[in-house]
Protein chains: 2
Amino acid sequence: MSDSTTLGWQDGRFAPDVMAADCPSRRILTHITSRWGGLILIALRGEVLRFSEMRRRIAGISERMLAQTLQTLEADGFVLRKAYDVVPPHVEYSLTPLGEEAAEKISELSHWIETNLHRIPGAAG
Amino acid sequence: MSDSTTLGWQDGRFAPDVMAADCPSRRILTHITSRWGGLILIALRGEVLRFSEMRRRIAGISERMLAQTLQTLEADGFVLRKAYDVVPPHVEYSLTPLGEEAAEKISELSHWIETNLHRIPGAAG
DNA sequence: GGAAGTACCTACAAAAATGTTAGTGTGAAA
DNA sequence: TTTCACACTAACATTTTTGTAGGTACTTCC
């Protein structure tokens, strides 16, 4: 029950569908919509940021989660990591073209939430 | 450290900002981007569905998570629950106008992922 | 008569996510 | 000279999320 179902999505035998539990698109969706994934993408839109700078902008994120989520996003091909071999360490993060496209989508969602917050009943409390 | 910071977002003294840890917009964002929240919104777009029907469409979701996430989304004002007092039970779920707007946004994200999956390096494995 | 379907809820258990703390090696500022 | 900043990693602890199993009260299908 593993091979035929899992492989089909890879080589285009089935169309990608997030409603299917084992379609890779579902994994990517969870990465982008993970607790910190979306915020990182939004923070990086059109910018080059260093680790600590990002940490300051995304209130509440821990070093561990920032590092971990950045790695996931880098592995997906959304984030580009550029390290300079100097001391103290200097690392720059930015979005790949693919990442910019994805970031645009969650930005639109978060922007909608921000501007319509007053209409959302559950936003109080 | 609780009052002055927490209250400002409610009455428009500060502009909503997902980057702020205690801004209500952040809570709403996590609801919509929660593991099942987005998929439920997508499944409900333009449709009226019963509990079991949704469960069948969203592969992998458990009854518990479906019920729980629906309650969160209902409390937020995105989902409308209409129960008929008959036996066996009959309950219909649909989106509020607000919910349709939110659903449109995550649909755009998931649709982007589905159509661009072949360009995403991390989609394999 | 027995099984299955309906829309859930409640304990309990397991798994996953997240946080905390400590540490790395060097340089610059106080 | 002490402290801070940098960009992390590893070990451990806690919290949150998610799943499982069982139950409800009744009806329809076989």
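Start with α5(A), which gives the most to the surface near DNA strand D: four residues. Keep in mind as you click around that this is a predicted model.

Next, select DNA strand D and show what lies around it. You should find 21 residues surrounding the strand, and the closest are Arg50(A), Glu63(A), Arg81(A), Tyr93(A) and Arg64(B). Colour that surface by residue class and you get ten nonpolar, four polar and seven charged residues.

Which part of the strand faces the protein? Of the atoms of DNA strand D within 4 Å of the protein, 71% belong to sugar or phosphate, and the rest to bases.

Now pick out some side chains:

- Gln71(A): an N or O atom of this side chain sits 3.2 Å from a phosphate oxygen of DNA strand D.
- Arg64(A): here the partner is a base nitrogen of DNA strand D, 3.4 Å from a side-chain N or O atom.
- Arg64(B): hop over to chain B, where a side-chain N or O atom is 2.8 Å from a base oxygen of DNA strand D.

Zoom out to the elements that give two or more residues to the surface near DNA strand D: in chain A they are α4 (51-57), α5 (63-76) and β3 (90-95), and chain B adds its own α5 (63-76).

For the last stop, leave the DNA and go to Arg119(A), in the segment after α6 (97-116) of chain A. Is Arg119(A) buried or exposed? Call it partly exposed, because its relative accessible area is 34%. Show its neighbours and you'll see that Arg119(A) touches Leu98(B) and Glu101(B), leaving aside residues up to four places away in sequence. With Glu101(B), the link is a side-chain to side-chain polar contact at 2.9 Å.

Terms used:
Residues are numbered from 1 along each chain as its sequence is written. Chains are lettered from A and ligands numbered from 1 in the order in which they are written. This is a predicted model: local features need pLDDT of at least 70, side-chain atom pairs count only at pLDDT 80 or more; totals for chains, interfaces and linings use all residues. Side-chain values use heavy atoms; hydrogens and water are left out. Buried means under 20% relative accessible area, exposed over 50%, partly exposed in between (1.4 Å probe, protein chains only). Contact means heavy atoms within 4.5 Å. A polar contact is a pair of N or O atoms within 3.5 Å; within protein, one must be able to donate a hydrogen and the other to accept it, and residues adjacent in sequence count only if both atoms are side-chain atoms. A residue is near a molecule or strand if one of its heavy atoms lies within 4 Å of it. Ala, Val, Leu, Ile, Met, Phe, Trp, Tyr, Cys and Pro count as nonpolar, Asp, Glu, Lys and Arg as charged, and the others, Gly among them, as polar.
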